[in-house]
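Let's walk through this model together, one feature at a time. Keep the viewer open as you read.

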Amino acid sequence: MPVFAANLTMMFNEWTFLDRFDAAADAGFAAVEYLFPYEAAPEAIAERLARNNLQQALFNLPPGDWAAGERGIAALPGRFGALKADVERALDYAAATGVRRLHLMAGIADPRDEDASSSYRRSVAYAAGRLAEKGIDLVLEPINGRNMPGYFLNDFDAAETLIAESGLANLKLQFDIYHRQIIHGDVTMALRRLLPITGHIQIASVPSRNEPDGEELNYPYLFGEIDRLGYDGFIGCEYIPRGHTLDGLGWFRPFARS
């Protein structure tokens with residue numbers, strides 16, 4: 001049975017960030033994820049995880065200046081020093097939360113630019129190597145250009161090639177089904193091919209990015225297929241509730257912990 005992680009950046013926004021851990025546990029989630037933890041103290045997050053018997057499934061390394069429009073710095077030439085510092089900052093939170101996978105955002109850059117490509121590969125190799133020392137996987141997520149125009153890693157084939165060519169055992173794919181459907185479609189066949197290199201899965205309806213209970217994708221079928229394929233990782237609920245978070249959890253009730 002899939003183990004779902006509530007995304008506390010998008011879900012449970014009716015509560016303050018730290019209180020979302022309590023709300024997610026009360027709703028039956030056994031795990032949580034979010035984009036960034038860095039505005040809260042690592043000890044405060046660790047306390048909420050322990051209090052609620054929650055597992056930390058995933059979070060992102062620092063993304064650069066988010067307010068200024070940066071969406072990661074890995075592919076940005078001249079930012080390698082900042083990236084190295086960001087890896088150390090993320091590892092402090094990883095130590096506190098026990099997370100076993102971190103996502104590295106590529107940034108806004110042209111994938112055809114040789115300097116950007118070189119910077120990205122260097123950043124990925126460094127981050128994966130540093131995380132491997134702590135037993136942590138690094139995951140890479142292709143993101144569609146409609147939600148994030150100009151994002152460097154916007155193609156699953158490119159991610160697959162990079163992972164294969166890297167030779168790094170702890171470098172994995174973050175398979176966001178929402179992004180996959182928008183970029184390429186063919187979700188089921190892609191899951192079958194890419195699951196061996198997949199370290200994390202995320203879900204949302206397409207095209208609205210709401211609860212996974214309708215629109216283009218048949219999620220009950222996909223959940224069954226993910227189980228059949230033997231995936232034993234987390235499935236992150238990276239969706240925007242249509243209304244109050246709790247009112248949209250009908251799809252989740254069969255999977256909730258008692």
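How many nonpolar, polar and charged residues are in the lining of the second largest pocket? The lining divides into 8 nonpolar, 7 polar and 4 charged residues. Please bear in mind throughout that this is a predicted model.

## The second largest pocket

This pocket has a volume of about 250 Å³. In total, 19 residues line the second largest pocket, and those nearest its centre are Leu35, Trp66, Met148, Arg209 and Glu238.

Glu238 is worth selecting in your viewer for another reason. An unreviewed UniProt entry lists Glu141 and Glu238 under "active site". The two span 98 residues in sequence, yet their C-alpha atoms are no more than 12.8 Å apart, so they gather at one spot. Both Glu141 and Glu238 belong to the lining of the second largest pocket. As for where Glu141 sits along the chain, look in the loop between strand 5 (137-140) and helix 5 (156-166).

## The largest pocket

What changes when you move to the largest pocket? Here the volume is about 330 Å³. Its lining is made of 14 residues, and Leu35, Phe36, Pro37, Tyr38 and Glu39 lie nearest the centre. By class, that lining holds 10 nonpolar residues, 1 polar residue and 3 charged residues.

Leu35 deserves a label on your screen. It is among the residues nearest the centre of the largest pocket, and it is also listed among those nearest the centre of the second largest pocket.

## The enclosed space

Now for space of another kind. Rolling a probe the size of a water molecule over the atoms shows where empty space is left. Searching the whole structure turns up 1 cavity of 30 Å³ or more.

The volume of this largest cavity is about 50 Å³. Around the cavity you will find Leu61, Pro62, Gly72, Ile73, Ala74, Leu83, Asp86, Leu104 and Met105. Sorted by class, its lining comprises 7 nonpolar residues, 1 polar residue and 1 charged residue.

## The barrel

Next, switch to a cartoon view. Strands of a sheet pair through backbone hydrogen bonds, either parallel or antiparallel. In this model, 8 strands form a closed barrel in the order 1-2-3-4-5-6-7-8, and their pairing is parallel. From one strand to the next, the twist averages 30 degrees. Helix 7 (residues 187-194) packs on the sheet, where it touches strand 6 (171-176) and strand 7 (198-203). The direction of helix 7 makes about 165 degrees with that of strand 6.

For a look at one pairing, take strand 1 (residues 3-7) and strand 2 (residues 31-33), which run parallel and are joined by 3 bridges. Asn7 has Glu33 in strand 2 as its bridge partner.

The UniProt record also has something to say about the fold. Its unreviewed entry places the feature "domain: Xylose isomerase-like TIM barrel" at residues 21-253. That span is 38% helix and 14% strand, and its end C-alpha atoms lie 18 Å apart.

## Two backbone details to check

If you plan to inspect backbone torsions, begin with Val206 and Pro207, which are joined by a cis peptide bond with an omega of about 15 degrees. Pro207 lies in the loop between strand 7 and helix 8 (219-228).

Then turn to Phe12. Although Phe12 is not a glycine, its phi is positive, at about 60 degrees. You will find Phe12 in the loop between strand 1 and helix 1 (17-26).

Definitions and conventions
Residues are numbered from 1 along each chain as its sequence is written. This is a predicted model: local features need pLDDT of at least 70, side-chain atom pairs count only at pLDDT 80 or more; totals for chains, interfaces and linings use all residues. Side-chain values use heavy atoms; hydrogens and water are left out. On a 1 Å grid over the protein atoms alone, a cavity is a set of points where a 1.4 Å probe fits but cannot get out, and a pocket is an open set with protein on both sides within 12 Å along at least five of seven lines; lining residues have an atom within 4 Å of a point. Grid points are joined across faces, edges and corners, and a volume is the space filled by probe spheres set on the points. Ala, Val, Leu, Ile, Met, Phe, Trp, Tyr, Cys and Pro count as nonpolar, Asp, Glu, Lys and Arg as charged, and the others, Gly among them, as polar. Two strands pair if DSSP finds at least two bridges between them. Helices (H or I, at least four residues) and strands (E, at least two) are DSSP runs, numbered from the N terminus. Axes are lines fitted to C-alpha atoms, for helices over the stretch in contact, and angles run from 0 to 180 degrees between N-to-C directions. Contact means heavy atoms within 4.5 Å. UniProt positions are given in the numbering used here, feature names are shortened, and annotations may be inferred rather than shown by experiment.
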